[in-house]
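Me: I should like to understand how the descriptive terms used for a protein model are justified. Could we take them in turn, setting each value against its cut-off?

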Amino acid sequence: MQCMICKHGATQKGSTTVTLEKDGATIVFKHVPALVCENCGEKYIEDEIAKELLKKANEIQKSGVEVDIREYQLDAA
Ligand SMILES: [Zn+2]
């Protein structure tokens, strides 16, 4: 797809690191699949994946962990 930020570059499949902060907890997901703009570097995460991240972050936060760094993995991959 075309980048919505610079309206110039095309996006390529890649990966990114996502940091979520919730009620004092910081959860970092590494190697999250994303579309990366070849021009400006803007990263786009698909809705499905963003939802999955939020769900996982909720679970992690409930367990009382303050900082958690993990590899992203889709259960249905
Ligand atoms: Zn761009």
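**From values to terms**

Reply: Arg 70 has a relative accessible area of 34% and is therefore partly exposed. The term applies because 34% falls between the cut-offs of 20% and 50%. Please note that the model is predicted.

Me: What makes Arg 70 and Asp 68 a salt bridge?

Reply: The side chains of Asp 68 and Arg 70 meet at 3.0 Å, N to O. The cut-off is 4 Å between a side-chain nitrogen of Lys or Arg and a carboxyl oxygen of Asp or Glu, so the pair qualifies. In general, side chains of opposite charge can pair when their charged atoms come close.

Me: Why is Asp 68 called buried or exposed?

Reply: Asp 68 has a relative accessibility of 12%. Buried means under 20%, so Asp 68 counts as buried.

Me: How many salt bridges does the whole structure hold, and what makes the pair of Lys 22 and Asp 23 one of them?

Reply: The search finds three salt bridges. Between the side chains of Lys 22 and Asp 23, the N to O distance is 3.7 Å, and this pair is accepted because the limit is 4 Å. Lys 22 is partly exposed at 29%, whereas Asp 23 is exposed at 65%. The latter term follows because exposed means over 50%.

Me: What links Lys 51 with Glu 48, and where do these residues lie?

Reply: Lys 51 forms a salt bridge with Glu 48, with 3.7 Å between the closest N and O atoms. Both residues belong to helix α1, residues 47-62, and are three residues apart, about one turn of the helix. Lys 51 and Glu 48 are both exposed.

Me: Which atoms are the protein donors of the zinc ion, and how do you know that they are donors?

Reply: They are the SG atoms of Cys 3, Cys 6, Cys 37 and Cys 40, lying 2.3 Å from the zinc ion. They count as donors because the limit for S atoms at this metal is 2.8 Å. Along the sequence, the donor residues follow the spacing C-x2-C-x30-C-x2-C. Cys 6 is in the segment before β1 and Cys 37 is in strand β2, so this pair ties together parts that are 31 residues apart in sequence.

Me: Why is the arrangement around the zinc ion called tetrahedral?

Reply: The four donor atoms subtend angles of 105 to 116 degrees. Four donors count as tetrahedral if all angles lie between 85 and 135 degrees, so the term applies here. For four tetrahedral donors the ideal angle is 109.5 degrees.

Me: What are the accessibility terms for Cys 6 and Cys 37?

Reply: Cys 6, at 26%, counts as partly exposed. Cys 37, at 4%, is buried, because buried means under 20%.

Me: How do you know that β1 and β2 pair?

Reply: Eleven bridges join β1 to β2, and the two strands run antiparallel. Two strands pair if there are at least two bridges between them, so β1 and β2 meet the condition. One example is Gly 14, whose bridge partner in β2 is Ala 34. The two strands form a hairpin with two residues between them, and Asp 23 in the turn has a positive phi of about 45 degrees.

Me: Which senses of pairing does β2 show with β4 and with β3?

Reply: With strand β4, residues 67-71, β2 pairs in the parallel sense over five bridges; there, Ile 27 has Asp 68 as its bridge partner. With strand β3, residues 43-44, the sense is antiparallel, over two bridges. The pairing with β3 is accepted because at least two bridges are required. Leu 35 stands opposite Tyr 44 in β3. β2 and β3 form a hairpin with five residues between them, where Gly 41 in the turn has a positive phi of about 85 degrees.

Me: Finally, why are Thr 17 and Thr 26 called partly exposed?

Reply: Thr 17 has a relative accessible area of 49%, and Thr 26 has a relative accessibility of 22%. Both terms follow because partly exposed covers values between 20% and 50%. Thr 17 is in strand β1 and touches Val 28, Phe 29 and Lys 30, leaving aside residues up to four places away in sequence. Thr 26 is in strand β2, and its contacts beyond four places in sequence include Glu 66, Val 67 and Asp 68.

Definitions and conventions
Residues numbered from 1 in each chain as written. Predicted model: local features only at pLDDT ≥ 70, side-chain atom pairs only at ≥ 80, totals over all residues. Heavy atoms only, no water. Helix = DSSP H or I, 4+ residues; strand = E, 2+ residues; numbered from the N terminus. Buried < 20%, exposed > 50% of the residue type's maximum accessible area, 1.4 Å probe, protein only. Contact = heavy atoms within 4.5 Å. Donors = N, O, S within 2.8 Å, 3.2 Å for Na, K, Ca; no water. Tetrahedral: all angles 85-135°; square planar, octahedral: opposite > 155°, others 65-115°.
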